[in-house]
Amino acid sequence: MSDVRNLVIVLGDQLDLDAAAFDGFDCGRDAVWMAEADEESTHVWSSKQRIALFLAAMRHFADALRDAGRPLHYLRLDDAGQHGSLASGLQAALRTLKPQRVVMTAPGDWRVWKSLEAVVQAAGLQLEICEDRHFYTTVREFAAHARRRKTLRLEYFYRELRKRHGVLMDGDQPAGGQWNFDADNRASFDADGPGAVPERATFAPDELTRQVIALVETRFADHPGSLDSFAWPVTREQAQQALRQFIAERLPLFGRYEDAMWPGEPWLYHSQLSAALNLKLLGAREVVQAVEAAWRAGKVPLASAEGFIRQILGWREFVRGIYWTQMPGHIERNALQAQHDLPDWYWSGRTEMACLREVITQTLAHGYAHHIQRLMVTGLFALLFGARPQQVHAWYLAVYVDAVEWVELPNTLGMSQYGDGGLMASKPYVATGRYIQRMGGPCAGCRFDPTKRSGDDACPFTTLYWDFLLRHQQMLAGNARMALQVKNLQRVDDDERAAIMRRAKAIRSGEIGPG
């Protein structure tokens, strides 16, 4: 008879002492298994910031488990007997520990789930999956919602959850008399810029995190990015402090400026809490409740509170449902038949285009960009360029500290690249360079002119936008939300169309764009 009754697997994005897999945990009979694995940093070319955040948070959580008296088997990257993958590490642990049962909270990655499940089954056991209580809904509930609708749209799902959970509701009506305040949340900065933006919450690396940083610098020396600025929360206490600081200092203006950009300002009024949420250092409910409480106390405007809550209660739940109801085939979808390779400069930031240079350089320095920078700068260019969505997905999964596949893949493949053909978004999110200019991008310091669609100084975004409409005109003509944009093609004569297509070809060939 095995000495271990339940072996509880904890992955790097499941750092919660109250996770469902710990229900009924007996410190005298059960044990926890955690492992660091090279494969989790190399199956995509993960950035140093992303690797360091996961490893530092895992090692701090391991200390929290030990402090709680829970027996722990933890395999470090630099330990003797390291197996290189989670699957091979678990296989060795099962041979040694011989548990009666193997339990884990629902994972966030199809690949990891299936690899661990295969190992457990090969050992003659069943992998028991517990619900992830960090979400308001289960995958089964989302699937039931999807079956009731011909098309899936966030707005209707979001309203259902608001009603069901009583979030931002006054009786049976939405607070403020409307469900969302998008119209109030699209402001850009005036010519003077954002002014003095409150400092983001930063956390100086302690000794344990410094050890991780040193390990990453040597073991993953050829990986992209830098660790010079590493200051992310890596413990629950730090994450809670970051939440309090965001609500007090930046949430009041978050809504108004959530779509704005400004040169040299990577953080603005955004929360930078997504990584802590996705690692489960914070719970979705505690964040939503804290934000709603701040509004009800008169500390933040309703438009800001609603805009932020929609990202968590709405969008975060929605994309998780999409991921788990559409996998495994979802990852291969390519509705626009985009076949070009993602430009190499996405890994270096060395490009003449000022907006892309700024966002990519910022991303590599901090492992972070806010949602408009992701959707309407790096994502927009990849979509207009015609990059294979699978390559775009691999880049986003690799470079951002908050990237876990359940949330990153649907956002990238669907919302950003329209690779799912409209499952998530009602239209492709396409725009010219003038959108980036209007929202505060660094166009004034760029050699390209966002108002021009052809010619030597035409902005590549603008050229590729018109080329995108030309290439996909027939498909887009059937989309009511794209009708006006497609109609605008009638103003472009044959000579101009030819000039656009020639310049688009030059951009794709690399003649235009790299620095």
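A residue is called buried when its relative accessible area is under 20%. The legends below describe close-up views of a predicted model.

**View 1. Helix H15 and its surroundings.** Helix H15 covers residues 389-399, and 9 of its 11 residues are buried, so the rest of the structure largely encloses this helix. The buried residues are Pro 389, Gln 390, Val 392, His 393, Trp 395, Tyr 396, Leu 397, Ala 398 and Val 399. Their cover includes helices H2 (48-67), H13 (354-366), H14 (371-385) and H16 (405-416).

**View 2. An aromatic cluster that includes Trp 395 and Tyr 396.** Together with these two residues, Trp 345, Tyr 346, Phe 381, Phe 385, Tyr 400 and Phe 461 make up one aromatic cluster.

**View 3. Trp 110 and Trp 113 in helix H4.** The whole structure has 29 aromatic pairs. One of them joins Trp 110 and Trp 113 edge-to-face, with 5.2 Å centre to centre and 85 degrees between the planes. The two residues are 3 apart in helix H4 (residues 110-122), which means that about one helical turn separates them. Both Trp 110 and Trp 113 are buried. Lys 114 lies over the face of Trp 113, 4.1 Å from the ring centre.

**View 4. Trp 232 and Trp 267, an edge-to-face pair.** The ring centres are 6.1 Å apart and the planes meet at 75 degrees. This pair links distant parts of the chain, 35 residues apart: Trp 232 is in the loop between helices H7 (207-219) and H8 (236-249), and Trp 267 is in the loop between helices H9 (251-254) and H10 (274-279). Trp 232 has a relative accessible area of 4% and is buried; Trp 267, at 14%, also counts as buried. The charged end of Arg 200 sits over the ring of Trp 232, at 4.7 Å from its centre.

Definitions and conventions
Residues numbered from 1 in each chain as written. Predicted model: local features only at pLDDT ≥ 70, side-chain atom pairs only at ≥ 80, totals over all residues. Heavy atoms only, no water. Buried < 20%, exposed > 50% of the residue type's maximum accessible area, 1.4 Å probe, protein only. Helix = DSSP H or I, 4+ residues; strand = E, 2+ residues; numbered from the N terminus. Contact = heavy atoms within 4.5 Å. Phe/Tyr/Trp six-rings, centres within 6.5 Å; stacked < 30°, edge-to-face > 60°. Lys NZ or Arg CZ within 6 Å of the ring centre and 35° of its normal.
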